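Welcome! Below are a few exercises to work through with the structure open beside you. Try each task before reading its solution.

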Amino acid sequence: MAGYPQETFLNVKLAPDSFLEKKRRTASVASLKQQLGFMKSTGRYEAFKLKWLPVYDEPPAIWPIGSWLFWDSDIGKWLEGACYFLHTDYDAEIDAAVQELTDMLSNAQHDDGYLNLHYSIVEPTSNRFTNIRDFCELYNAGHLLEGALAHEHYYKNDKLLGPMIRYVDLIIKTFGPGEDQLHAYPGHPELEIALLRLHERTHDKRHFELAKYFITERGNPKGVDGRHYYDWEADKRGDDPNARPYFYPERTPSNWYYSASVPLVDMQTVEGHSVRPMYLLTAVADMVRIDKANTSDLRKAIVRLWEDMVSTKMYVTGGIGAMPQYEGFGIPYFLPQGTDEGGCYAETCAAIGIMMMVERVLQYDLDGSFTDILELAFYNAVLTASSTDGRKYTYVNQLASSDANPAERSEWFRCACCPPNILRTLAIIGGYLYSQPASTEVSAKHIAVHLYSSSTLDFTVSDHPSSLTQSTDWPWSGNVEFKLETSSKAVRISLRIPQWTSEWSIEPPPPYKEVTKGYITLPAEYLASNPNFTLKIKLETRILASHPFVNTDTIAVARGPIIYCVEDFDNPWVDDHFKSLQLDPDAVVTERAVKDPSTGEEYVALDVHRGASLLPIKSLKAAPSIPWKTLSKAAADAEVIELLHMVPYYFRSNRGGRGMARTGIRRWIR
């Protein structure tokens, strides 16, 4: 059985004063209704009444994609998040909105089960399924289906899941290997994820088989009449081969943009739009979990593509995607921090995709190297996407600001995929803390602790209620106190030991301290005698460098899972987005507990004492080069900054200021 966080979050109670609960609660109290307001004011909420709206007359902002094309998915994600919050934070207004949306969706469904805004209003229904590559019908269906699963879980009825299963029945009839079927697969993966979750709920083999078909057929170079499906489809539509979609990196075909240039088992590198491969690999990992015996090649592909991404295409924040034009991956080691340097996108949804993928991998492979990246992505690339008050967001998460793209937040976006995505993620964040790997003994229980936060996990062993409680101030303190309450003497607990820590201990000491793939497993005998124990993980300031092939001699500062940045709010002297700032990797850095007066945010700030300086850029002129001795002398003699203040990257753009921020800082060689 899968332990999807979308269900297991209900077994975890986050402590009221914990860091994670404060973020979750903010999303519930502020973000949920604020996003509902924007759903209504932009036309999304009532769109399924299928009436013509003025926005449909507007030319596509990003040709050929109309701004309304993803509205179905926006509704699906918001509805999903709302249902999760109704479990824990009931609100009558949200309840009424969910039920009204459910009625509108059901009433908008065609007689044969079809359900999509664009091909019900803007284009004739006869054109449906003619642009699988770009128009995201199946992506939208996936998010509506996940919303329906959450709806059924809360309301215990099939008012939304029933119609969505009818839609899935139509998709099963339409797509597949048969002669009378379309040999297609979603242009943007997501339905695959939803189908596998649906299979877990219904045990209908057809749902698994359709997801499997979409995954394994993807990238088939001879899918239809000896041609790639997307190319065949484009010709059938009569597309002009010289009319390049705005987001294409090159002339058609650009099938690698869709992570569909070759079959997944043959793919050697992550490519294209960064969200697509993360959602695809999430589904692939779930498929491996379900069918381990027949998916060895897919499992190898997951590891191969993951290693390529983490080692050559991931930012220090856990963000991915260097190319703004197509919101995707660049060439290996091309990781500019901001627009002034040639790129950086790091979309919020891509980082959430990392979390989803890793959670599935951990179901069959307890590997801390994956979990460390999940934690990195969450605390930095994901958490930064919502302001501390839950009312403003980021879509793009650059590591350095510029005049063209200052560090700032927005209340909403024309393409609004990110706000409801982080909403639904925070709603179930408790489900990411723990998993229960399958045990070979029916009467035994194995608990894996992936993330640390004050919380209580409720579980059963041989029908006996049990619980595991954490007490900690993570991510600011590395001390985690555990309390196991159970009548069973057959409970094992695996604790993640982050790769970044230099020192850790457990009190009382366990019989052995062997760490296997980033986890130490406490045996049942130890826990029977020591139900109360403490894990101590050393949190200290770390200086991080990029791979030499990145060709930027910059360093970043971290403490525990938190990446830090500099902002003009704390360093008001800056006038160039910190481009000329230099940081000594051996500088003295001190820690300071802060409660920000304007936001109420509590965090650990870092102060660099006489370890930073400003390179005198105005005195250096390239013609076209600068003598090395001239540059090194200027760098060494630069004006020293008495005190440089640093804050967590996730906290950027929350207190006002002039929108100047930077994460990777030029290395100062004195």
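Two strands count as paired if DSSP finds at least two bridges between them. Keep in mind throughout that this is a predicted model.

**Exercise 1. Find which strand of E10 and its neighbours holds the bridge partner of Glu-481, and name that partner.**

Step 1. Locate strand E6 at residues 479-485 and strand E10 at residues 532-537.
Step 2. Five bridges join E6 to E10, and the two run antiparallel.
Step 3. Within E10, Thr-534 is the bridge partner of Glu-481.

**Exercise 2. Work out the order of the six strands in the open sheet, and explain why one side of E1 and of E8 has no neighbour there.**

Step 1. Strands of a sheet pair through backbone hydrogen bonds, in either a parallel or an antiparallel way.
Step 2. Here the pairing is antiparallel, and the order reads E1-E4-E5-E6-E10-E8.
Step 3. E1 (12-14) and E8 (504-507) stand at the edges with a single partner strand each, so one side of each lacks a neighbour in the sheet.
Step 4. From one strand to the next, the twist averages 15°.

**Exercise 3. Follow the chain from E4 through E5 to E6, and describe how these strands are linked.**

Step 1. Start with E4 (residues 455-461) and E5 (residues 464-472): seven bridges join them, and they run antiparallel. Ser-455 stands opposite Gln-470 in E5.
Step 2. Look at the turn. The hairpin of E4 and E5 has two residues between the strands, and Ser-462 takes a positive phi near 50° there.
Step 3. Move on to E5 and E6, which pair in the antiparallel sense over six bridges. Leu-468 has Leu-484 in E6 as its bridge partner.
Step 4. This second hairpin, formed by E5 and E6, has six residues between its strands.

**Exercise 4. Decide whether strand E7 is mostly covered or open, and name the strands it is bridged to.**

Step 1. E7 spans residues 491-496, and five of its six residues are buried, so we can call the strand mostly covered.
Step 2. Five bridges join E7 to E3 (residues 445-449), and these two run parallel. In this pair, Val-449 is matched with Leu-495 of E7.
Step 3. Four bridges join E7 to E9 (residues 519-522), this time antiparallel. Ser-494 has Thr-521 in E9 as its bridge partner.
Step 4. Now turn to the record. An unreviewed UniProt entry annotates residues 446-505 as "domain: Non-reducing end beta-L-arabinofuranosidase-like GH127 middle". Over residues 446-505 the chain is 0% helix and 58% strand, with end C-alpha atoms 21 Å apart.

**Exercise 5. Count the disulfides, and explain why Cys-349 does not form one with Cys-418.**

Step 1. The cut-off for a disulfide is a pair of cysteine sulfur atoms within 2.5 Å.
Step 2. The closest cysteine sulfur to that of Cys-349 belongs to Cys-418 and is 3.6 Å away, which is too far for a bond.
Step 3. Cys-415 is in no disulfide either, with the nearest cysteine sulfur, that of Cys-417, 4.2 Å away.
Step 4. The count for the structure is zero disulfides.
Step 5. Compare the surroundings: Cys-349 is buried at 2% relative accessibility, while Cys-415 is partly exposed at 30%.

**Exercise 6. Describe how helices H2 and H15 cross.**

Step 1. The axes of H2 (residues 19-41) and H15 (residues 418-427) come within 9 Å and cross at roughly 145°.
Step 2. The crossing is left-handed.
Step 3. Among the residues making the contact are Lys-23, Ala-27 and Leu-32 of H2, and Pro-419, Leu-423 and Leu-426 of H15.

Conventions. Residues are numbered from 1 along each chain as its sequence is written. This is a predicted model: local features need pLDDT of at least 70, side-chain atom pairs count only at pLDDT 80 or more; totals for chains, interfaces and linings use all residues. Side-chain values use heavy atoms; hydrogens and water are left out. Axes are lines fitted to C-alpha atoms, for helices over the stretch in contact, and angles run from 0 to 180 degrees between N-to-C directions. UniProt positions are given in the numbering used here, feature names are shortened, and annotations may be inferred rather than shown by experiment. Buried means under 20% relative accessible area, exposed over 50%, partly exposed in between (1.4 Å probe, protein chains only). A crossing is left-handed if the near helix is turned anticlockwise from the far one by less than a right angle, and right-handed if clockwise. Contact means heavy atoms within 4.5 Å.
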